[in-house]
Amino acid sequence: MRSSTLIVSYLWKDTWKRWFEQPGSPLARWFITLLLMLVASVILVSFQLMERSLRNQMERFGLNTLLVRETVIPGSAEFFRHGEGPDHLAILKSNGEKLRVRQLFVRGQTEWQQNNLLVFSYPPEAIPTLARMLSVETPVMCLSDTLPTKASMQVRVGHRSVLAGVVRPQGWLRLLSSSEDVLLVPQGWLSDEEQLGWLDTTIFQRGPTAPPMEKIISAVNTLSALDQRPQPQIQSALPLVKELDDVKNRQAQWRNWLAVILGVAVSLVYGSIAVLEFRQNLFVCALLRSFGAPSRWLYLRQWLENLLLANLAALTAVLLVAFLHRTIFSALGFSADILDFSGGNPYAGTSIKTIFIWINVGALLSSLPVALGLRRPVGEILN
């Protein structure tokens with residue numbers, strides 16, 4: 001037990017002595033791993049943030065929600081100043097909830113917002129859907145996430161001023177507002193503005209027993225073709241689902257490639273330096289073995305040294321990127337809500353753990369040349 005303690009103590013002191021006398025060796029290994037891990041961390045975390053951004057968009061839009069827009073201009077068959085006009089998508093009503101409104105080609109303004117309100121008009125048929133948000137004071141509402149809720153304010157649209165109650169957009173009606181505030185007025189209240197035309201906007205919420213969204217979208221396009229109308233603007237979460245799958249596939253590919261590259265780089269760089277140092281200290285190692293020091297301890301010293309440097313560099317890189325998280329990824333164009341850790345810590349995910357695993361594999365492989373060198377007979381070296 002006494003000899004084992006002395007051997008371990010000597011190897012520990014010898015390692016520190018070698019690092020202080022030749023600092024270039026540990027610093028080179030540490031710095032190369034640090035640089036590689038910095039690049040890998042930024043790439044992998046970027047993919048995770050992209051995935052989170054797409055998931056947030058899908059949650060806001062809704063997997064079962066469809067938005068159809070068709071332009072209606074004066075003189076067209078669909079143009080009606082009064083009344084709802086022909087509803088080409090009435091069949092959707094049997095497969096879920098549907099709201100049809102008109103987006104007018106004007107903007108509303110308040111004393112706080114200048115020409116920043118999208119203006120929609122809704123028909124009487126939409127009142128049951130909007131009833132829970134309508135105020136007893138006015139049938140006009142302003143959908144806003146920023147203005148004080150349940151407040152009333154004057155909104156000017158063109159030459160007319162209307163009283164609007166502020167409410168929060170709820171559920172799938174958020175699609176009307178997106179990132180802007182929305183003014184909803186009864187159809188016919190802004191007849192002069194409706195003379196300019198509008199975007200016929202239909203929001204459809206698919207029911208649980210309805211056909212798949214792909215078939216519904218195909219049916220909408222088919223109806224437009226049969227009626228010889230221009231193809232409508234269609235928004236759904238399907239492109240986001242496909243984009244999310246693509247991001248996940250690319251993330252897996254990048255994770256695997258970066259892990260292998262880091263493992264190979266660590267094994268080559270650390271292995272080359274380990275061979276050089278082993279040759280330089282070959283006589284000392286042989287002398288220790290002749291005094292009874294097991295070869296496995298000498299190999300274990302080299303392996304632990306490589307593990308320490310590799311993991312220390314990798315951990316430093318991850319902590320540095322995490323510390324500069326908002327600075328780095330804000331510069332890359334990610335929004336503030338995506339950079340919040342409330343949706344999960346991207347630095348504790350599978351991608352970063354996989355990189356650490358392969359770095360340790362590289363450190364193990366880099367120590368194998370030393371294990372082969374320790375198989376040489378002691379007498380052959382000392383002679």
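User: Is L368 buried, exposed or partly exposed, and what is its relative accessible area?

Analyst: L368 is partly exposed because its relative accessible area is 38%, where buried means under 20%, exposed means over 50% and partly exposed lies in between, with a 1.4 Å probe and protein chains only. This is a predicted model, in which local features need pLDDT of at least 70, side-chain atom pairs count only at pLDDT 80 or more, and totals for chains, interfaces and linings use all residues. Residues are numbered from 1 along each chain as its sequence is written, and side-chain values use heavy atoms, with hydrogens and water left out.

User: Which residues make the nonpolar surface patch?

Analyst: Nonpolar side chains (Val, Leu, Ile, Met, Phe, Trp, Tyr) are joined within 5 Å if their residues have over 30% relative accessible area and no salt bridge, that is, no side-chain nitrogen of Lys or Arg within 4 Å of a carboxyl oxygen of Asp or Glu. Here V260, V264, L268, I357, W358, V361, L365 and L368 make a patch of about 660 Å², with areas from the Shrake-Rupley method. Helix α12 gives the largest share, 4 residues, while L368 is found in helix α13, residues 368-373; helices here are DSSP runs of H or I with at least four residues, numbered from the N terminus.

User: How far from R255 is the nearest side chain of opposite charge?

Analyst: Lys and Arg count as positive and Asp and Glu as negative, with His and the chain ends not counted. R255, in helix α7, is buried yet has no salt bridge, and E51 is 7.6 Å away.

Terms used. Patch = residues over 30% accessible without salt bridge, like charges linked within 9 Å, V, L, I, M, F, W, Y side chains within 5 Å. Areas by Shrake-Rupley, 256 points an atom, 1.4 Å probe, with all protein chains shown as cover. Helix = DSSP H or I, 4+ residues; strand = E, 2+ residues; numbered from the N terminus.
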